[in-house]
2 protein chains.
Amino acid sequence: MEKTRTKEQLAEAAQLDVARDEFVTQWGTIGSAWGINRTMAQIHALLIVTPHALTTDEVMDELKISRGNAHTNLRELVGWGLVRSVVRKGERKEYFEAEKDVWKMFCIIVRERKRREIRPAINVLKDCIDRADGLKSPDALAFTKQTKALCEFMEMADGVLSKVVRSEQSTIIPWALKFLK
Amino acid sequence: MEKTRTKEQLAEAAQLDVARDEFVTQWGTIGSAWGINRTMAQIHALLIVTPHALTTDEVMDELKISRGNAHTNLRELVGWGLVRSVVRKGERKEYFEAEKDVWKMFCIIVRERKRREIRPAINVLKDCIDRADGLKSPDALAFTKQTKALCEFMEMADGVLSKVVRSEQSTIIPWALKFLK
DNA sequence: ATGTATTTTCATTTAATACTGAAAATACGA
DNA sequence: TCGTATTTTCAGTATTAAATGAAAATACAT
């Protein structure tokens, strides 16, 4: 009886491992499609579905990747704020754990992408608008009109995202769902 | 007098060309940061700030790229729906022009990314949830809880984006700006 | 049908990105 | 201080993605 239970438990554990592996692998693929480094996405996925914090060596082992690779991508994830490094008292090794709250994850990603992608784009647009400033030809006016429209749109989007993310609480999206037609 | 005017006009035209080039080049860089092929972003930028439709040869010439490259990326842009091919009566060459309305551009991009990136991610998550379905261990329950939270969030985001983009009019974002605190 | 303009494909090359593994640097306990 | 555990760096290598250019296919006028 005891033996049977153990067998079942082993089978269940194996099934869970398969599900986890599937998630990690597929999340890596999805990450690639999103323009994110495959390994970084996999490490993130691994940490998301692992209940406890992991060391660099454990990550290396799970994903069969080199130390350098694991290290670089863990640092990158920490840089994004999606992963925290934790130190256990009396232990020398560094452990890593992911932010698991989905809404917080979303806020972090939006804030970072705003900073890294939207802001620079707005700056480029402003620069182009300035360069063409004062020109009077029809082509120049068309250019200015187009770049200004783009710039205003991005500033608007930036503003909306700031507000969505400011509250740090997940009630806005369900709220929006109701109000939008 | 006539001569002076022409000189000024030439200088203005040159200045506009610089602004255009700057826009095209920088947009390519930004595109890369967004995970979009640099050349595709540059062609898109070029078509956005060119008042008239261009042929493949003109694009090749402007951006100093090969025919194959221009062709492939133009087709890709047409595939996204961001660029239309137009045929002029009596002419054999194919011309390309970009959708210039910023809100329409936004809607097209959101719809495509929903289809290409969000939907597949949701499917992966559902698949993982199914695999772990019925497992009773604490680890399994944690896994299920986490993947379900992710899945629900993405479905919610998908729903909000659908509604934002459904109306095909640019009034929603300014509206949202007012209502969000 | 033949010739020509135009588009499409694709084997090859080139460039960009990611990964490895080992050495160097750092942190820390004895 | 010395020795060891751990982290960090980075030159070299591998992998993947993008671009070239020329040949093949297609479309169309005569």
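This report looks at how chains A and B meet and at the surface near DNA strand D.

The model is predicted: local features need pLDDT of at least 70, side-chain atom pairs count only at pLDDT 80 or more, and totals for chains, interfaces and linings use all residues. Residues are numbered from 1 along each chain as its sequence is written, while chains are lettered from A and ligands numbered from 1 in the order in which they are written.

**The two copies**

Chain B superposes on chain A by a rotation of 180° with 0.0 Å of shift along its axis, at an RMSD of 0.1 Å (least squares on the C-alpha atoms of residues with pLDDT of at least 70 in both copies). The copies are therefore related as by a two-fold rotation axis. In chain B, the C-alpha of B:Gly35 is nearest that axis, at 2.2 Å.

**Where the chains meet**

Chain A and chain B each bring 52 residues to the contact (C-beta atoms, placed from the backbone, within 7 Å). On the chain B side, H6(B) gives the most, with 15 residues.

**Around the DNA**

DNA strand D is surrounded by 18 residues, the closest including A:Gly68 and B:Ser66 (near means a C-beta atom, placed from the backbone, within 6 Å). H4(A) gives the most to this surface, with 4 residues (helices are DSSP runs of H or I, at least four residues, numbered from the N terminus).

Here are both surfaces by class (Ala, Val, Leu, Ile, Met, Phe, Trp, Tyr, Cys and Pro count as nonpolar, Asp, Glu, Lys and Arg as charged, the others as polar):

| Surface | Nonpolar | Polar | Charged |
|---|---|---|---|
| Side of chain B that touches chain A | 34 residues | 7 residues | 11 residues |
| Surface near DNA strand D | 1 residue | 10 residues | 7 residues |

Definitions and conventions: Contact = placed C-beta atoms within 7 Å. Helix = DSSP H or I, 4+ residues; strand = E, 2+ residues; numbered from the N terminus.
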